[in-house]
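Student: Could you take me through one part of this model closely? I would like to look at the place where the two chains meet.

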Amino acid sequence: MTNLIQRFGKFLAFFIHDMGEMVFLTIGINRWMFKKPFDGKLILEQMVKIGVESIPVAVNTAFFTGMVLALQSGYTLETKIKGVSQFIGAVVSISMLRELGPVLTAMVIAGRMGSAVAAEIGTMQVTEQVDALYTLAANPVKYLAVPRFLAFTFMLPLLTIFADLIGWAGGLFICSMKFTSSTIYIESTRSSVEAGDIMGGVIKGVFFGAIIAIVACRQGFATTNGAEGVGRATTNAVVFSFMLILISDYFLNAVLIALHI
Amino acid sequence: MNGQKTIIKLLNISKNFGNRKVLDNISLEVFAGETLVIIGRSGVGKSTILKHIAGLLAPDAGEVWVDGQELTRQKEAEVNELRKKMGVVFQYAALFDSLTVFENVAFRLLRDFRMPVAEAVEVVKKKLELVGLKDNLLDLKPAQLSGGMRKRVGLARAIAVDPEIILYDEPTSGLDPVSSEAINDLILEMQKKLGVTSVVVTHDMHSAYKVANRIAMIYDGKIIGTGTPEEIKQSQDPYIHQFVTGSVEGPMPVR
């Protein structure tokens, strides 16, 4: 038991130390972002990798989430409160837009690309490629972290919007098959969704993108001890991203509600 | 040696990694145009010295002077100016795997010097020829090259901007004898053809004797002797003698 508490304490200390380092990295990224040269090609490359190539997994996640939402809420509404299945559209679309779209997309992208970025930068670190960048007058934060940061923060909200649409369509599919007509589903969506619901999800997407980028880059740059270290950096990148996404999701929600968004 | 003009000077450098003292009050001078070889067992801080000269590590105490400027007090932009005069050849070449041979060698020319691609291609071809590689490699990725070729590309990248100083980290480690010898010849050629100052870190004594004007031996965080290859070969210092003869008998513990 004490062993377990000790280990948890160690993890907590490590996590807090890492958070501090991430603040420094964030400052560094913001400082280098506006300095020349502008690495347009690198940014575009990362946008393709992080955004475009992630569409299949984002679609898969969103479609099935929308379907299960419709199935579960439809079943619950039908059995518990008779005759309210006309609200399925509202339940699915609001849940997708405000919560599941941004959070699940962020998780999937953290798993797919946060880990990849940590592994790539980590490998570059342990093979001295990061040192080589310095000797060739390219600051690694500028050359590696800035393009990834921009790509994550720009692409994640776009993927979120995309996931919202796909999830909604998944709900529509199940709803029209099992519960009510598609017209009722669409009407229910139209009457309940407001611009703020969409905005809220997009704002979350921006924050989650920044979190994944900073966590992944930080873990990559902090890699030591060869292949084992790269493995650890990759794991940490995903675990820390997940934790921070869920924690910040709560606080973002609180702020959005306070701002009436 | 060129009237013994000092181009690199380390002054009372100390460096700790955690609790481990890696460099303990080291002072070292490198003269313009010479090749200084730093020898010593693995893990004694040879590469750490190189990283201090390249400005990749900052000492806990002491000063690093390169070409009349003190590195540890400079801003990154100023260090980058100094790095224009400096090429670093890393132990495992440290080529960027995501870039082609051309993009690697031309990295600084394209990004920092804003050289037009057509012009950069000509420079890269010339540099590859200088290190004994053909220009049909230009579009290959580092993973498609052999270890020896990678090291040569790494050298070509280091000399792309015509540096006055080249730092070599274990240039022959992990290479077969023929490739090693070719790298040794290259180091000599760079000195002869381009007049560069070189600092070579190695534990390959054959290579050290061949390329060095002077050799410095480091042990336990300190420099325990410097001299010409001949002087080091004849040294009566028990540590140096044990190292250069590669003997298990002597004061150094065999770990």
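Tutor: Happy to; here is a walk through the contact between the chains, followed by a few salt bridges.

This is a predicted model, in which local features need pLDDT of at least 70 and side-chain atom pairs count only at pLDDT 80 or more, while totals for chains, interfaces and linings use all residues. Residues are numbered from 1 along each chain as its sequence is written, chains are lettered from A and ligands numbered from 1 in the order in which they are written, and side-chain values use heavy atoms, with hydrogens and water left out.

Chain A brings 19 residues to the contact and chain B brings 21 residues (contact means heavy atoms within 4.5 Å). The area buried between them is about 1,800 Å², with carbon and sulfur atoms giving 57% of it; buried area is the accessible area (1.4 Å probe) that two parts lose on being put together, summed over both. On the chain A side, A:Glu128, A:Thr135 and A:Leu136 supply 34% of the area that chain A buries against chain B, more than any other three residues.

Between chain A and chain B there are 4 salt bridges (a side-chain nitrogen of Lys or Arg within 4 Å of a carboxyl oxygen of Asp or Glu). B:Arg111 forms a salt bridge with A:Asp39, their closest N and O atoms lying 2.4 Å apart. Two elements of chain A, α5 (129–135) and α6 (140–178), give two or more residues to the side that touches chain B; helices here are DSSP runs of H or I with at least four residues, numbered from the N terminus. Of the elements, α5(A) gives the most to that side, with 6 residues. The residues on this side of chain A divide into 10 nonpolar, 4 polar and 5 charged (Ala, Val, Leu, Ile, Met, Phe, Trp, Tyr, Cys and Pro count as nonpolar, Asp, Glu, Lys and Arg as charged, and the others, Gly among them, as polar).

Helix α6 of chain A also takes part in a salt bridge within its own chain. A:Arg148 pairs with A:Glu120, the closest N and O atoms being 3.0 Å apart. A:Arg148 lies in α6 and A:Glu120 in helix α4 (residues 88–126) of chain A, so the pair ties together parts that are 28 residues apart in sequence. A:Arg148 counts as buried at 4% relative accessibility, whereas A:Glu120 is partly exposed at 26% (buried means under 20% relative accessible area, exposed over 50%, partly exposed in between, with a 1.4 Å probe and protein chains only).
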